[in-house]
Amino acid sequence: MKRIFLLVATNFAVLFVLSITMQLLGVDRMLAQETGLNLQGLLLMAAIFGFGGSFISLLISKWMAKMATGAQVIEVPSNPTERWLVDTIKRQAEKAGIGMPEVAVYDAPEINAFATGWNRNASLVAVSTGLLSNMTQEEAEAVLGHEVTHIANGDMVTLTLIQGVVNTFVIFLSRVVGFIVDRVLLKNERGYGIGYMLTTFVAQIVLGILASMIVMWFSRWREFRADAGGAALAGREKMVAALERLKLNQEQSQLPAQISAFGISGGGGLMRLFMSHPPLDERIAALREAGQPQRVSPVRRA
């Protein structure tokens, strides 16, 4: 909870510093004089909409995930596989220090799993039928450890906060650019002209693309951490074996876009900057490198 508070405080501090900087540089007064634009009011509006949408998505993330994938929560295990699944996640959750997540299975041929939820003690771990059919229990155990680590690390909340910050800046900066083009360059003095609407639309697309690069960078970074956590909970060799299995069965993720970043195997893009998950070869190499004993340089005697 302390970590989440610090993240929220840091994000709002960034917005506060931006507002103060604009006042000290006279940017707010200049734009107010030229365009009648209230930067503080615009920044507040952008923060409300930027963070509001992200937090609403987080709060309903479990419901959305269940609806999007058709995941069925295991209330009472009906077969040995479901019993093993629930018992394994329970053991890992206790070891990770989080509340017992809901456990669900969704029907999909791909090998995948995901975790979501607004709180590390009120989360959901779901696995595909393809994973249960095509992975050994040791490999599946490592995948579950990966997802439990996402929850323990608070990755869903952190990603939401980062998304909220970038959303705020996209909304804010695109409208500032639109005002400048419309009022200063095109000399429109009546309301919002076509220059404002077109410029804001284009700027929001361009800034949105740049913002998504930041979000995807964090998503890739947290996958390495989740792999390390899965190795700690299930065993390094099991985690490596699970990623090797994914590599053999690699295909584009069929998870809905809103939860694809929380899966064990995620779709990429045409360019690396837009990939939610690092290449499997890099993840495997990172695990193997972490498992190598550290070399100690010989001490030179004088």
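In this predicted model, four strands form an open sheet. Their order across the sheet is 1-2-4-3, and the pairing is mixed. Strand 1 (72–73) and strand 3 (113–119) stand at the edges. Each of these two has a single partner strand, so one side of each is left without a neighbour in the sheet.

The mixed character of the sheet can be followed pair by pair. Strand 2 (residues 102–106) and strand 4 (residues 122–128) run parallel, and five bridges join them. Within the strand 2 and strand 4 pair, Tyr-106 stands opposite Ser-128. Strand 3 and strand 4 pair in the antiparallel sense, also over five bridges. Here Ala-115 has Val-125 of strand 4 as its bridge partner. Strand 3 and strand 4 form a hairpin, and two residues lie between them.

Strand 3 is an edge strand, yet it is mostly covered. Five of its seven residues are buried. Trp-118 also has its place in strand 3. Trp-118 is partly exposed, because its relative accessible area is 43% and the partly exposed class lies between 20% and 50%.

Trp-118 also contributes to a nonpolar patch on the surface. The other members of this patch are Ile-56, Leu-59, Ile-60, Trp-63 and Met-67. The patch covers about 700 Å². Helix 3 (39–59) supplies at least two of the patch residues, and so does helix 4 (61–69). The patch thus draws on these helices and, through Trp-118, on strand 3.

A helix also packs on the sheet. Helix 7 (residues 137–152) lies across strand 3 and strand 4. Helix 7 runs at about 155 degrees to strand 4. Ala-140 is found in helix 7. The relative accessible area of Ala-140 is 4%, so this residue counts as buried, the limit being under 20%. Leaving aside residues up to four places away in sequence, Ala-140 touches Trp-84, Leu-131 and Met-135. Ala-140 also illustrates how the fold brings distant parts of the chain together: Ala-140 and Ala-242 are 102 residues apart in sequence. In space, their C-alpha atoms are 6.9 Å apart.

A second buried position lies in another helix. Thr-200 has its place in helix 9 (residues 194–234). Thr-200 has a relative accessible area of 8% and is therefore buried. Its contacts include none of the residues up to four places away in sequence, which are not counted. With that limit, Thr-200 touches Ser-174, Arg-175 and Gly-178.

The protein as a whole has 11 helices and four strands. Of its 302 residues, 46% are buried. Many contacts span long stretches of sequence. Among contacts between residues at least 6 apart in sequence, 69% join residues at least 24 apart. The protein exposes about 16,200 Å². Carbon and sulfur atoms supply 62% of that area.

Conventions
Residues are numbered from 1 along each chain as its sequence is written. This is a predicted model: local features need pLDDT of at least 70, side-chain atom pairs count only at pLDDT 80 or more; totals for chains, interfaces and linings use all residues. Side-chain values use heavy atoms; hydrogens and water are left out. Two strands pair if DSSP finds at least two bridges between them. Contact means heavy atoms within 4.5 Å. Axes are lines fitted to C-alpha atoms, for helices over the stretch in contact, and angles run from 0 to 180 degrees between N-to-C directions. Patches are made of residues with over 30% relative accessible area and no salt bridge: like charges are joined within 9 Å, nonpolar side chains (Val, Leu, Ile, Met, Phe, Trp, Tyr) within 5 Å. Accessible areas come from the Shrake-Rupley method with a 1.4 Å probe; for residues, only the protein chains shown count as cover. A salt bridge is a side-chain nitrogen of Lys or Arg within 4 Å of a carboxyl oxygen of Asp or Glu. Buried means under 20% relative accessible area, exposed over 50%, partly exposed in between (1.4 Å probe, protein chains only).
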